[in-house]
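Here is a friendly walk through one protein model, meant for someone meeting it for the first time. Have a look at the structure, and then read on.

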Amino acid sequence: MLLVIDIGNTNIKIAIFKGDKIIKTWRVSSDNRRTGDEYFSILRPLFREADINYEDIEKVVLSSVVPSLIGPFVIVSNHITGKKPVIIGPDVYEKVKMHVPESAKYEIGTDLFCDAFEAWNKFKKPCIVADFGTALSFTVVEQNGGIAGVAITPGIGTAFKSLFNNTAQLPSVPLEIPPTSLGKNTTVAIQAGIVLGYKGLVESLIKQMKMDLNKEYGTKIEDIKVIATGGLNSMLQPITDIFDETDKDLTLCGMKRIGELVDN
């Protein structure tokens, strides 16, 4: 079995692969105050409840956009497998032979690299991956399989929270698709502004990215595949046809694919 750990700013996504199949996933909160021993003490009962013997795990693959949490999960990996994890970063980019612009090698989120790597290997086409997380990130892969660039904006949930936290009179409302853009009350007004506003943002930015990919790389616009992933991608699914594919496990599967290609 293979264990992948995707450390984000808000949550840590954990998955167990048996062969090509994800047999169990968990989410725990990201907290850089916890030690590796504390995280291991959280994971051990989760494994037990899922009837998974962690001694059967042969390799751990780690992606983190929170540098301070890499060390604790190296300790977790040592507890589980007796060896350090595969840590996704610039040296791994070279080993799996996916080009990243030199100026972006130490800046691109490793989760976005995993998105791009899995999308390219899955579809073998130029593509745009929209990852709906704490940030909403768009990663572009050109027709030769290299990363062409990234665009980042606050995530939908982040925008919602920012609005409530920084205004005196706007209440917290459900994150739902509004019945109309013409808000007759505060709830619908906020939902229209955020949800429908993000629909416009996503569609406009993807259209612009397709045009820029065509201009800079000569990519045929009709060949570009658009993939959605991340926790909140389902929010826009009913109101847009901009996505060709949806894969909630894209990042995890990219990590697993990398882990199979790279030794500890």
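What follows is a short tour of the sheets, the main pocket, the aromatic rings and the cysteines. Please keep in mind that this is a predicted model.

## Two sheets

Let us begin with the strands. Strands of a sheet pair through backbone hydrogen bonds, either parallel or antiparallel.

One open sheet has five strands in the order β3-β2-β1-β4-β5, and its pairing is mixed. At its edges are β3 and β5 (86-87), each of which pairs on one side only. Inside this sheet, strand β1 (residues 2-7) pairs with β2 in the antiparallel sense, over six bridges. To find a place to look, try I7, whose bridge partner in β2 is I12.

Another open sheet of five strands follows the order β8-β7-β6-β9-β10, again with mixed pairing. Here β8 and β10 (245-246) are the edge strands, and each pairs on one side only.

How many bridges join β7 to β8? There are seven, and the two strands run antiparallel. Two places where you can see residues facing each other are T139, which stands opposite V150 in β8, and S137, which stands opposite I152 in β8. The hairpin that β7 and β8 make has five residues between the strands, and in it G145 takes a positive phi near 90 degrees.

E142 is also worth finding, in the loop between β7 and β8. Is E142 buried or exposed? With a relative accessible area of 8%, E142 is buried, because buried means under 20%. E142 and K184 are 42 residues apart in sequence, and their C-alpha atoms are 44 Å apart in space.

## The largest pocket

Now for the empty space. Rolling a probe the size of a water molecule over the atoms shows where empty space is left.

The largest pocket has a volume of about 830 Å³. Its lining is made of 37 residues, and those closest to its centre are N9, D111, G133, T134 and A135. Several elements give two or more residues to this lining: β2 (11-18), α4 (110-123), β6 (127-132), β7 (135-141), β8 (147-154) and α5 (156-165). Which element gives the most? That is β8, with five residues. By character, the lining of the largest pocket divides into 15 nonpolar residues, 15 polar and seven charged.

## Aromatic rings

Next come the rings. A pair of aromatic rings is described by the distance of the centres and the angle of the planes.

The whole structure holds seven aromatic pairs. Two of them are set out here.

| Pair | Centre to centre | Angle between planes | Kind |
|---|---|---|---|
| W26 and F47 | 5.4 Å | 65 degrees | edge-to-face |
| F113 and F117 | 6.1 Å | 15 degrees | stacked |

The pair of W26 and F47 links distant parts of the chain: W26 is in strand β3 (residues 21-29) and F47 is in helix α1 (residues 36-49), 21 residues apart. Both rings belong to buried residues: W26 has a relative accessibility of 11%, and F47 has a relative accessible area of 0%. Ring pairs also link W26, F40, F47 and Y54 into a cluster.

F113 and F117, by contrast, both lie in helix α4, four residues apart, which is about one turn of the helix. F113 is buried, with a relative accessible area of 0%, and F117 counts as buried at 4% relative accessibility.

## Cysteines

Our last stop is the cysteines. How many disulfides does a search of the whole structure find? The search finds zero.

C114 is in no disulfide, and the nearest cysteine sulfur, that of C253, is 11 Å away. For C127, the closest cysteine sulfur is in C114, at 14 Å, so the two are too far apart for a bond; a disulfide needs sulfur atoms within 2.5 Å. C114 counts as buried at 0% relative accessibility, and C127 counts as buried at 0% too.

Terms used. Residues are numbered from 1 along each chain as its sequence is written. This is a predicted model: local features need pLDDT of at least 70, side-chain atom pairs count only at pLDDT 80 or more; totals for chains, interfaces and linings use all residues. Side-chain values use heavy atoms; hydrogens and water are left out. On a 1 Å grid over the protein atoms alone, a cavity is a set of points where a 1.4 Å probe fits but cannot get out, and a pocket is an open set with protein on both sides within 12 Å along at least five of seven lines; lining residues have an atom within 4 Å of a point. Grid points are joined across faces, edges and corners, and a volume is the space filled by probe spheres set on the points. Ala, Val, Leu, Ile, Met, Phe, Trp, Tyr, Cys and Pro count as nonpolar, Asp, Glu, Lys and Arg as charged, and the others, Gly among them, as polar. Two strands pair if DSSP finds at least two bridges between them. Buried means under 20% relative accessible area, exposed over 50%, partly exposed in between (1.4 Å probe, protein chains only). Rings of Phe, Tyr and Trp (its six-membered ring) pair if their centres lie within 6.5 Å; planes under 30 degrees apart count as stacked, over 60 as edge-to-face and the rest as tilted.
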